[in-house]
Amino acid sequence: MMPDHGERKDATPATARHNHSVLAELPFDDRQDFADAARGFIASLPEMTLKRSDGRVVYSLTDYAFLSRSDAPDTVNPSLWRQARLNMHHGLFQVSERIYQVRGFDISNMTIIEGERGIIVIDPLISTETASAALELYCRHRGRKPVTAVIYSHSHVVHFGGVRGVIDGADVAAGNVIIIAPDRFMEEVTKENVLAGTPMVRRAMFQFGATLPKGERAQVDAGLGKVTSRGTVTLIPPTQTIKEPIEVHRIDGIEMLFQLAPDTEAPCEMHMFYPALRALNLAENATHNLHNIYPIRGAQVRDANAWAKYLNEARDRFARNADVVFAQHHWPIWGNARLLDYLAKQRDAYKYLHDQTLRLMNHGLTAAEIAERLTYPNSLAREWHVRGYYGTISHNAKAVYQRYLGWYDANPANLNPLPPRARSRKSLAYMGGAAAAISRARADFAAGEYRWVADVMSQVVFAEPDNCEARELCADALEQLGYQAESATWRNAYLLGAQELRGNETADKGTARASDIVRSLTLELFFDLLAVRLNGDKAAGRSMVINWRFPDTGERYVLTLENCALTYLAERHHEDAEATVELDRSTLNGLMLRELPLPEAMEKGLVRIAGDAAKLAELFAILDDFTMAFEVIEPLRRKS
Ligand SMILES: [Zn+2]
């Protein structure tokens with residue numbers, strides 16, 4: 001482990017100059033967002049720190065007190081500083097008649113609509129702790145009413161994880177509460193986070209900066225909100241899904257028009273219009289920042305064209321009859337003329353990004369060249385709500401390219417280059433060794449060439465991971481890039497990279513998968529996950545066929561291992577299987593959650609094996625376990 005050089009540096013003169021120049025480029029005297037973010041405020045908690053029952057802090061705004069000053073320090077881009085201050089608004093807000101939001105109790109908003117018998121909760125935040133605190137705040141000021149319905153606007157955990165903090169599973173089972181979600185909700189919830197879940201959680205640390213300290217030289221915001229809460233994640237499956245492009249329902253006396261918007265910000269997402277309330281809820285498709293066509297935590301690339309299309313349809317069908325538009329992040333926009341203008345610009349930001357990337361691609365430019373070239377037209381550039389606090393034009397343009405043409409730029413020199421470590425060693429030798437490279441990089445650092453210094457010093461680190469000088473210079477360059485970034489996610493990534501290069505271990509490498517989500521996995525996904533864990537090297541030369549029977553659900557599968565690949569067929573059993581495994585789905589859940597060890601389950605007769613029991617043990621012995629504790633900014637230290 002590297003010694004802790006730990007100290008966070010000051011902004012260099014080049015960074016200070018860069019950040020000052022932003023003040024002249026953007027309309028900082030436009031204070032409308034501050035008025036909107038504060039409008040309708042009713043109350044909040046005197047101290048905004050929420051804890052788990054064991055006392056661990058789940059979410060806190062207390063560490064952000066430094067954001068009370070209005071002028072940005074040199075170590076933060078003033079545009080991001082402004083957004084970070086806007087995202088500090090927290091508490092219960094009235095949006096319009098019958099519509100309330102709790103904001104700043106998590107990275108997302110909880111929207112509450114007052115129905116005839118009780119209240120409808122839209123998106124119960126990430127954790128039960130933050131969700132129950134948000135509901136409690138509402139009740140204290142608006143009276144205690146039963147929750148009659150919960151609506152999940154889309155399949156991201158930020159919008160459902162706290163559900164057991166606002167309702168009880170028994171009430172859902174008894175039919176006292178309905179839960180509504182867009183089509184394919186359960187499928188998408190489990191799909192996104194399971195097969196690639198481990199690296200996604202590790203990479204999300206770079207995107208959100210949840211494990212970074214808060215401060216002028218550290219995390220200031222996440223763009224979409226302050227930070228993600230880290231409490232108890234739950235899930236109760238919907239009782240009803242929206243399947244048609246447009247559906248009209250009366251929920252607790254409130255008429256709601258649901259518009260499916262698939263393949264936008266999430267694979268399944270929906271907008272809602274409440275005609276009698278003249279209010280439009282756009283889930284997460286129109287927020288006060290340019291969103292991600294590709295989040296840097298890693299995910300499948302989203303469809304910017306579909307995003308623009310569904311926003312356009314919502315604007316055309318609903319917005320004309322709306323007095324307010326809001327989303328499940330950030331603050332609303334009031335007034336019909338303003339909201340139509342807002343939605344036109346939101347729509348056009350995604351459309352422009354999509355079309356101009358394709359245009360330049362059709363002229364032969366590569367992803368990196370397009371990302372470098374593309375900027376907003378003047379009519380969008382000065383609109384705060386399309387600025388890149390979360391997504392950026394740069395990484396989104398690369399994502400659009402990837403969606404159509406993939407990772408390869410068609411230059412055969414880039415088709416099969418040496419992998420990072422080997423490439424770095426060769427480059428370094430050509431440069432005349434680490435010392436020569438570092439000395440040239442110091443001159444470039446002094447000239448403010450941080451992108452290049454970070455790039456080339458990272459190569460030195462990959463060639464010589466223990467080279468402290470290279471690590472420190474790489475960290476210094478990343479840090480200045482972080483200080484200059486308008487995007488919160490870029491800032492967080494740069495600063496966490498710098499922190500890890502300086503040898504500060506990221507203390508908390510993430511949490512276990514929520515048990516509600518594990519219980520919701522389809523068996524197909526369970527077998528897919530098993531197959532992903534199969535160690536191809538250890539499987540060499542082995543073959544087996546195992547039948548699986550789940551008496552409680554009546555499901556059957558046959559699992560085949562050959563050629564180091566694990567495949568399965570549903571509704572099938574093989575006559576010549578070496579073993580047949582019989583267990584209830586609930587037992588499988590216990591095994592997956594590691595609440596029940598396999599030997600104990602077998603001893604108790606919960607797992608019954610007919611045939612060659614050793615085959616199952618053989619299979620489990622060649623499955624890998626994954627850990628979040630892998631290196632990102634340097635070569636992997638552990639062999640996999
Ligand atoms: Zn989302």
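Begin by selecting the open sheet of five strands in this predicted model, whose strands follow the order S19-S18-S17-S20-S21 with mixed pairing. Colour strand S19 (565-570) and strand S21 (607-611), which stand at the edges of this sheet; each has a single partner strand, so one side of each is left without a neighbour in the sheet. If you look along the sheet from strand to strand, the twist averages 20 degrees from one strand to the next.

Next, select residues 544-550, which form strand S17, together with residues 579-583, which form strand S20; these two strands pair in the parallel sense over four bridges. Within this pair, show asparagine 547, whose bridge partner in S20 is threonine 580. Then add helix H20, residues 585-592, which packs on the sheet and touches S17, S20 and S21, while its direction makes about 95 degrees with that of S20.

Now move to the open sheet of eight strands, ordered S1-S4-S5-S6-S7-S8-S9-S10 and again with mixed pairing. Here strand S1 (41-43) and strand S10 (240-242) stand at the edges, and because each has a single partner strand, one side of each is left without a neighbour in the sheet. Neighbouring strands of this sheet are turned by 25 degrees against each other on average, direction ignored.

Inside this sheet, select strand S5, residues 99-103, and strand S6, residues 110-114, which pair in the antiparallel sense over four bridges; glutamine 101 stands opposite threonine 111 in S6. Finally, bring in helix H4, residues 128-142, which lies across several strands, including S1, strand S4 (91-96) and strand S8 (147-151), and runs at about 35 degrees to S6.

Conventions. Residues are numbered from 1 along each chain as its sequence is written. This is a predicted model: local features need pLDDT of at least 70, side-chain atom pairs count only at pLDDT 80 or more; totals for chains, interfaces and linings use all residues. Side-chain values use heavy atoms; hydrogens and water are left out. Two strands pair if DSSP finds at least two bridges between them. Axes are lines fitted to C-alpha atoms, for helices over the stretch in contact, and angles run from 0 to 180 degrees between N-to-C directions. Contact means heavy atoms within 4.5 Å.
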